[in-house]
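Hello,

Thank you for agreeing to take this one over. The sequence and the structure are just below, and after them you will find my notes on what turned up.

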Amino acid sequence: MSGSTYYVTTPIYYVNDVPHIGHAYTSLACDVLARFMRLDGRDVHFLTGTDEHGQKIEKAAAAAGMAPQAFTDKVSQSFRDLLGVMDYSPDNFIRTTEKRHYAACQALWEKLVAAGDIYLGAYAGWYSVRDETYFVEGETEVGQDGKRRATSTGAEVEWVEEPSYFFKLSAWADRLLEFYEKNPRFIGPDSRRNEILSFVRGGLQDLSVSRTSFSWGVPVPGDPKHIMYVWLDALTNYITECGYPDTNNPLWKYWPADLHMVGKDIIRFHCVFWPAFLMAAGIAPPKRVFAHGWWTNEGQKISKSLGNVIDPVDLVKTYGVDAVRYFLLREVPFGNDGDFQKKALVGRMNGDLANAYGNLCQRVLSIVAKNCGEKVPPKGALTEADTALLDRAKGLLTIVRAELDDQAFHKALTSIWEVIADANRYVDAQAPWALAKTDPVRRDTVLWVLAETIRRVTLPVQPFMPDATGRILDQLAVAPADRAFTGFDKELVPGTPLPKPQGVFPRYVEPKAE
RNA sequence: GGCUGGGUAGCUCAGCUGGUUAGAGCACGGCACUCAUAAUGCCGGGGUCGGCGGUUCAAGUCCGCCCCCAGCUACCA
């Protein structure tokens, strides 16, 4: 386990949009995993980036009077800005407009052609000249005048066929089912796995993988009128990063990816199309794809038209990055949809962070500071209560590791906070302030047990709240090198000088004026 | 319509292969304590476990029917 590679990816975000809570959520989950695995000694590669091709971008750029590349240079910046705001730690930020990505896409294409999985056919659909786009049957309706129109735009549509290359996806259904069977962890959570299985069991159609209706994208080798359609372009970024087609590239060691984190809307691309492409090209599919849910805002579906889009930058400004990170991963079972409520966020901030965790640190560290000469107190003989608490804290790393292996962030945090609650109970039961008068030796041991418990609890919280936990570990004088999990069993050494304690998780008080 | 997953305390949810008085967190009420960020701890109220019927010594936990909710049922990133 230690030293082994861990490659985790976010989807590449389409730059047609500005970053919202959904983007932040996906990347946050990846960031926590990446940070955890690094602390756990893994050789981590964490990739995020932007998808910058396609007709929408081409048109948006034209509308802005800009060249497509200049346009995407500009709008992809907001996604790069989010990295700092949310404290993400990617190893690279990939863009589909990079030259190496063109090379990778074209190499993959040629591999698929050589394998006989791509053929030239015709893509047919209901085309709206006005919208310059195709609609599927279900997106259109026939009016009273007998004419068929796009339901969403009201524009008249006509049946059009254009030449297009197809990928023989229909031939891959059985092999995909066999792959799912042999790799039960390939799709998470289980509910999504069921959906994908039933979808593939229902049979697959060949997939149109090129378009001639726009030019902003990767040209098809040997037939540059054709531009690769979204699937082949976007998904390929994951292997572009590793150097494909150069499997001697040092980064190739990270493939196959350990985890593609995605929103539930793009699970099919990742769980059906992508492994089929890869298997057809003789490349190993990723080990796992996990689809998380969506957020609603105070019970309402989020949409631009409703004007209730949640801006992660605003959240961080108001509540702080650690609280936002904690809330998003603690409030909702990861994989489920969740409802974003201010009062729930404030409840978590004040209840879980300020009252339970922050106050535990503060009450313990301030007694230590006042009674133990601003040093780690001496550790005497341990009672049953002492070892019971310490043992629970010692067990956390194994528990959190297992939960994160399943992307069960909420369970990992719940387990940690149970120990925090135990520690608060222990403080009350041991009453070190009373021992100060009767048995200062025992008091010191109690305080040592508490400080050591805080240290053990805090190490696995680091990936979730890197800033606050860093400050707590500073107050315990834990050396940076001992904050990785190799330091988990390095107990606090009595006599180590400690800095003056300071609150780390302030209570959130609603501003007076709204 | 079909498929899948759900309907358990005010809210969010745990309850594995059926077995003592159905649990947790939050919210609410009372008490204790005072080291601490008016924090913490203890106690308590509150549930026809969607409905009806069945199997069983025993069902939230199995079977049948019904009601309700969510997701999926492909070319939009």
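**The sheet around β15**

I187 stands opposite V289 in β15. Before I go on, please keep in mind that this is a predicted model.

The next pair links G188 with F290 of β15. Strand β9, residues 187–188, is joined to β15 by 2 bridges, and the pairing is parallel. Strand β14, residues 259–263, also runs parallel to β15, with 4 bridges between them. One of the residues in β14 is H260, whose bridge partner in β15 is V289. To get from β14 to β15, the chain passes through helix α10, residues 267–280, and this β-α-β crossover is right-handed.

So what is the order of the strands in the open sheet? There are 6 of them, paired in parallel and arranged as β3-β2-β1-β14-β15-β9. The edges are held by β3 (92–95) and β9; each has a single partner strand, so one side of each is left without a neighbour in the sheet.

It is worth turning the model to look at β15 from both sides. This strand covers residues 289–292, and both of its faces are covered. V289 and A291 are buried on one side, while F290 and H292 are buried on the other.

**The surface near RNA strand B**

Next, have a look at the RNA. RNA strand B is surrounded by 41 residues, and the closest are Y14, D51, Q205, R268 and D428. By class, this surface has 18 nonpolar, 10 polar and 13 charged residues.

Which elements supply at least two residues each? They are α7 (190–201), β10 (207–208), α8 (230–235), α10, α13 (342–371) and α16 (409–430). Helix α13 gives the largest share, with 9 residues. You will recognise α10 from the crossover between β14 and β15.

Which parts of the RNA face the protein? Of the atoms of RNA strand B within 4 Å of the protein, 69% belong to sugar or phosphate, and the rest belong to bases. Three side chains give examples of contacts with a sugar or linking oxygen of RNA strand B:

- For E195, an N or O atom of the side chain is 2.4 Å from such an oxygen.
- For R192, the distance from a side-chain N or O atom is 2.9 Å.
- For K56, a polar side-chain atom lies 3.1 Å away.

**Two smaller places to visit**

Helix α5 (residues 99–114) is a good place to pause. Its 16 residues reach 23 Å from the first C-alpha to the last, close to the 22 Å expected at 1.5 Å a residue. The buried residues in α5 are H101, A104, C105, A107, L108, W109 and L112. In general, an α-helix has 3.6 residues a turn, so residues three or four places apart point the same way. Just after α5 comes G116, with a positive phi of about 80 degrees.

Finally, find N297, which sits in strand β16 (residues 295–297). Is N297 buried or exposed? N297 counts as buried because its relative accessibility is 16%, which is under the 20% cut-off. The side chain of N297 reaches the backbone oxygen of N308 at 3.0 Å.

Enjoy exploring, and best wishes!

Notes:
Residues numbered from 1 in each chain as written. Chains lettered and ligands numbered in written order. Predicted model: local features only at pLDDT ≥ 70, side-chain atom pairs only at ≥ 80, totals over all residues. Heavy atoms only, no water. Buried < 20%, exposed > 50% of the residue type's maximum accessible area, 1.4 Å probe, protein only. Pairing = 2+ DSSP bridges. Right-handed = clockwise from strand over helix to strand, strands pointing away. Near = heavy atom within 4 Å. Polar contact = N/O pair within 3.5 Å; in protein donor to acceptor, adjacent residues only side chain to side chain. Nonpolar A, V, L, I, M, F, W, Y, C, P; charged D, E, K, R; others polar. Expected span 1.5 Å × (residues − 1).
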